Amino acid sequence: MKKVSIIIPAYNEEESLPFLYERLNSLMNGLTSYEFEILFVNDGSKDKTIELIKELREKDKRINYVDFSRNFGKEIAMIAGLDYATGDCAIFMDADLQDPPELVPELIKYWEEGYDDVYARRKSRKGETWLKKFTSKMYYKVLQSLTRIEIQRDTGDFRLLDRRCINALKKMRESQRCSKSMFSWIGYKKKEVLYDRDPRIAGKTKWNYKKLIDLAIDGITSFTTSPLRIATYLSIPTFFALIIYFIYVIVKCITQSVAIQAFQAIILLVLFFSGVQIILIGIIGEYLGRIFNESKNRPLYLVNEYNGERENND
């Protein structure tokens, strides 16, 4: 009997957990030809999330949990889930039920047909603002234009990964992660499944635009050095613009006998080149910051306990 691990990162999801377990329990009881593991990764929740998970485990041993020592973020919770998952495949799912558990049988069906990465692509995104949908669409366009890797658009983390995909992702231990890009980078045989994304069943989203911008920057700088080439792309037209400007000044002085105020030209040039330099220094700083963080070689996360057993993290 094959084993399926359902990995659920959770941060302050006490309101959603009862609804989530009810639907997952119905799903697992209906798929009797598979063994299931529900692996919660408690990402330093400040509410009663971990207490509720422990209560669920008391009545259902198919539930396992990893409790972080503090909040490390969803991306880190996902790699921790892969580290602790024991199944032949793993399915990432959000705790807020925006990812419908009823789609799992279809994911498993394509996995049995030989696909290694069965990802769910959103046809619609209920409960999300127009601005969030627009910025998400533009992000994928920018990311795809900057990288040579094909990035699946309108896809989140809801997907099934075969064991060899799991093992490949576990080898990637960088601290600033973008799982969506990593799923594409590892390759393997992929299959798309369309679905309608539901609104949250309860509670409020933990994402804000600052976090989404940070995630977008991580996604771009983690898998492409294209932004560093902006310096080259900007330097060529800037050089020609500078030549044309000086030619214009000289011609005007000769033909019209009009003196150009030197301080005005100097101010404009200083402001222009200062702005260009600030942009380029910022881009280089993003990459240097990542080199700095990776060079520290710290563990990605620290675990407080796993299924009630305290870990010493040696």
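A residue counts as buried under 20% relative accessible area, as exposed over 50%, and as partly exposed in between. With those cut-offs in hand, Asn12 is a handy place to start: its relative accessibility is 22%, so Asn12 is partly exposed. The model described here is predicted. Asn12 sits in the loop between strand 1 (3-10) and helix 1 (17-30), and its phi is positive, at about 55 degrees, although Asn12 is not a glycine. Most residues other than glycine have a negative phi. Leu97 also has a positive phi, about 65 degrees in this case, and is not a glycine either. Its place is in the loop between strand 4 (89-92) and helix 4. Leu97 is buried, because its relative accessible area comes to just 2%.

Next comes helix 3. Nine of the eleven residues of helix 3 are buried, so the rest of the structure largely encloses this helix. The buried set runs through Glu75, Ile76, Ala77, Met78, Ile79, Ala80, Gly81 and Leu82, and Tyr84 belongs to it too.

Some of those residues turn up again around an empty space inside the protein. Rolling a probe the size of a water molecule over the atoms shows where empty space is left. Here the count is one cavity of 30 Å³ or more, and the largest cavity holds about 50 Å³ of space. Its lining is made up of Met78, Ile79, Leu82, Phe92, Leu169, Arg177, Ser179, Met182 and Phe183. Two elements, helix 3 (74-84) and helix 7 (179-185), each give two or more residues to that lining. Sorted by class, the lining has seven nonpolar residues, one polar and one charged.

Charged pairs are the next topic. Side chains of opposite charge can pair when their charged atoms come close. The structure holds eleven salt bridges, and helix 3 takes part in some of them. Asp157 pairs with Lys74, with 2.9 Å between the closest N and O atoms. This links distant parts of the chain, as Asp157 is in strand 6 (residues 155-162) and Lys74 in helix 3, 83 residues apart. Asp157 has a relative accessibility of 9%, so it counts as buried.

Asp83, also in helix 3, meets Arg173 in another salt bridge, at 3.1 Å from N to O. Arg173 belongs to the loop between helix 6 (163-170) and helix 7, and 90 residues separate the two partners. Both ends of this pair are partly exposed: Arg173 has 36% relative accessibility, and Asp83 has a relative accessible area of 23%.

A further salt bridge joins Arg164 to Asp116, whose closest N and O atoms are 2.8 Å apart. Arg164 lies in helix 6 and Asp116 in the loop between helix 4 (104-112) and strand 5 (117-125), so the bridge ties together parts that are 48 residues apart in sequence. Arg164 is partly exposed at 43% relative accessibility, whereas Asp116 is buried at 6%. Beyond single pairs, salt bridges with shared partners join Lys74, Asp94 and Asp157 into one network.

Finally, the surface has a nonpolar patch of about 290 Å², made by Ile284, Leu288 and Ile291. Leu288 lies in helix 10 (residues 262-295). With a relative accessibility of 52%, Leu288 counts as exposed.

Technical notes
Residues are numbered from 1 along each chain as its sequence is written. This is a predicted model: local features need pLDDT of at least 70, side-chain atom pairs count only at pLDDT 80 or more; totals for chains, interfaces and linings use all residues. Side-chain values use heavy atoms; hydrogens and water are left out. On a 1 Å grid over the protein atoms alone, a cavity is a set of points where a 1.4 Å probe fits but cannot get out, and a pocket is an open set with protein on both sides within 12 Å along at least five of seven lines; lining residues have an atom within 4 Å of a point. Grid points are joined across faces, edges and corners, and a volume is the space filled by probe spheres set on the points. Helices (H or I, at least four residues) and strands (E, at least two) are DSSP runs, numbered from the N terminus. Ala, Val, Leu, Ile, Met, Phe, Trp, Tyr, Cys and Pro count as nonpolar, Asp, Glu, Lys and Arg as charged, and the others, Gly among them, as polar. Patches are made of residues with over 30% relative accessible area and no salt bridge: like charges are joined within 9 Å, nonpolar side chains (Val, Leu, Ile, Met, Phe, Trp, Tyr) within 5 Å. Accessible areas come from the Shrake-Rupley method with a 1.4 Å probe; for residues, only the protein chains shown count as cover. A salt bridge is a side-chain nitrogen of Lys or Arg within 4 Å of a carboxyl oxygen of Asp or Glu. Buried means under 20% relative accessible area, exposed over 50%, partly exposed in between (1.4 Å probe, protein chains only).
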